[in-house]
Amino acid sequence: AMQVLFGSLFAPYGCVIADKMELKYPRCGRISCLIFGIVMATIVFELHWVVRLLFGDEKCNCRRMEIFLHLLLRTLYSICTSMLGPVLDGATLSYLKEKNISESEYGKER
């Protein structure tokens, strides 16, 4: 449910950021946004392991902190991944436009 919520809230921002980056850095703005989002999502995903390593000890009474950090990291992961869809769509449509292929061809491989 959290992924759907953040997908609907932050997906338009990913598109706006990617479009502005494309205007500033032609031919590489959207791709750099895509790479940045993938790297950030990967880092946040891997931080779950670090939280488990630090607070997973049964002798530690840090369960609340562990749950808080887990929810925070899950929220950041959801935001990062929800912004990637529109960026990838924009990059695909730019490629079709560059190759003079009709936009109606978009998605036929699905």
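In the predicted model, Leu 34 makes contact, beyond its neighbours within four places in sequence, with Leu 84, Val 87 and Leu 88. Two of these partners, Leu 84 and Val 87, join Leu 34, together with Ala 18 and Cys 33, in the largest nonpolar core, which has five residues. At least two residues of this core are supplied by each of α2 and α4, the latter spanning residues 84–98. In soluble globular proteins, nonpolar side chains tend to be buried together.

Ala 18 and Cys 33, both members of that core, also take part in the contact between the helices α1 and α2, where Ile 17, Ala 18, Asp 19, Met 21 and Glu 22 of α1 meet Gly 29, Arg 30, Ser 32 and Cys 33 of α2. By residue class, this contact of α1 with α2 comprises four nonpolar, two polar and three charged residues. Helix α1 covers residues 2–24 and helix α2 residues 29–55, and the two pack at an angle of about 135 degrees with 7 Å between their axes; α1 is therefore oblique to α2.

Among the charged residues of this contact, Glu 22, located in helix α1, has a relative accessible area of 19% and is therefore buried, the cut-off being under 20%. A polar atom of the Glu 22 side chain lies 3.0 Å from the backbone nitrogen of Arg 30, a residue that belongs to the α2 side of the helix contact. When residues up to four places away in sequence are not counted, Glu 22 touches Arg 27, Cys 28, Gly 29 and Arg 30.

Definitions and conventions
Residues numbered from 1 in each chain as written. Predicted model: local features only at pLDDT ≥ 70, side-chain atom pairs only at ≥ 80, totals over all residues. Heavy atoms only, no water. Axes fitted to C-alpha atoms, helices over the stretch in contact; angles between N-to-C directions. Helix = DSSP H or I, 4+ residues; strand = E, 2+ residues; numbered from the N terminus. Parallel < 35°, antiparallel > 145°, perpendicular 65-115°, else oblique. Contact = heavy atoms within 4.5 Å. Nonpolar A, V, L, I, M, F, W, Y, C, P; charged D, E, K, R; others polar. Buried < 20%, exposed > 50% of the residue type's maximum accessible area, 1.4 Å probe, protein only. Polar contact = N/O pair within 3.5 Å; in protein donor to acceptor, adjacent residues only side chain to side chain. Core = buried A, V, L, I, M, F, W, Y, C linked by side-chain atoms within 4.5 Å.
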